[in-house]
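Thanks, everyone. I'll walk you through one model this morning. Please have it open in front of you.

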Amino acid sequence: MEAKKSTAKYWAYFFIWFAILVYMLVNPDVRQFFWLALPGTCTHFAKGMDIM
């Protein structure tokens with residue numbers, strides 16, 4: 001049986017990326033760069049859920 005690893009670091013990264021994502025959606029000056037924050041958000045969500 002494998003030892004359960006801590007995912008707290010990945011959740012912290014997810015919430016940072018999520019804040020950046022929301023900021024980019026709200027601010028019309030950087031809205032076109034929304035897609036640049038999406039991979040980081042999805043990746044760290046998956047790692048936080050221990051899917052990857």
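Threonine 7 counts as buried, because its relative accessibility is 17% and the cut-off for buried is under 20%. Keep in mind that this is a predicted model. Threonine 7 sits in the segment before H1. What does threonine 7 touch, leaving out residues up to four places away in sequence? Lys47, Gly48 and Asp50.

Take Asp50 next. Aspartate 50 belongs to the segment after H2. Its contacts, again without residues up to four places away in sequence, are Lys4, Lys5 and Thr7. Is aspartate 50 buried, exposed or partly exposed? Partly exposed, because its relative accessibility is 36%, and that class runs between 20% and 50%. Now look at the backbone there. Phi of aspartate 50 is positive, near 60 degrees, and this residue is not a glycine. Most residues other than glycine have a negative phi. The positive phi comes just after H2. For a sense of distance, take tryptophan 35: aspartate 50 is 15 residues from it in sequence, and their C-alpha atoms are 23 Å apart.

On to the helices. H1 runs from 8 to 26. Its 19 residues should span 27 Å at 1.5 Å a residue, and the end C-alpha atoms are 27 Å apart, so the two values agree. Which residues of H1 are buried? Tyr10, Phe14, Leu21 and Met24. Viewed down the helix axis, the buried residues of H1 fall within an arc of 85 degrees, so they line one face. That buried set packs against H2.

Now turn H1 around. On the face turned away from the buried side, you find the exposed residues Ala8, Phe15 and Val26. Let me stay with Val26. Valine 26 is part of helix H1. Valine 26 counts as exposed because its relative accessible area is 61%, and the cut-off for exposed is over 50%. Valine 26 also belongs to a nonpolar surface patch, together with Phe18, Val22 and Leu25. How much accessible area do Phe18, Val22, Leu25 and Val26 have together? About 350 Å².

Then H2. Helix H2 covers residues 34-48, 15 residues in total. From first C-alpha to last, H2 reaches 21 Å, close to the 21 Å expected at 1.5 Å a residue. The buried residues of H2 are Phe34, Ala37, Gly40, Thr41, His44, Ala46 and Gly48. They pack against H1. So we have the packing from each side: buried residues of H1 against H2, and buried residues of H2 against H1.

Let me pick one residue out of that H2 list. Alanine 37 lies in H2. Its relative accessible area is 1%, so alanine 37 is buried. Which residues does alanine 37 touch, not counting those up to four places away in sequence? Trp17, Ile20, Leu21 and Met24. Two of those names should sound familiar: Leu21 and Met24 are among the buried residues of H1.

One last distance, back to where we started. Alanine 37 and threonine 7 are 30 residues apart in sequence, and 20 Å apart C-alpha to C-alpha. Both are buried, because alanine 37 is at 1% and threonine 7 is at 17%. Their contacts are listed separately: threonine 7 touches Lys47, Gly48 and Asp50, and alanine 37 touches Trp17, Ile20, Leu21 and Met24.

That's my tour. Over to you.

How values were computed. Residues numbered from 1 in each chain as written. Predicted model: local features only at pLDDT ≥ 70, side-chain atom pairs only at ≥ 80, totals over all residues. Heavy atoms only, no water. Helix = DSSP H or I, 4+ residues; strand = E, 2+ residues; numbered from the N terminus. Expected span 1.5 Å × (residues − 1). Buried < 20%, exposed > 50% of the residue type's maximum accessible area, 1.4 Å probe, protein only. Contact = heavy atoms within 4.5 Å. Patch = residues over 30% accessible without salt bridge, like charges linked within 9 Å, V, L, I, M, F, W, Y side chains within 5 Å. Areas by Shrake-Rupley, 256 points an atom, 1.4 Å probe, with all protein chains shown as cover. Salt bridge = Lys/Arg side-chain N within 4 Å of Asp/Glu carboxyl O. Arc of directions from axis to C-beta.
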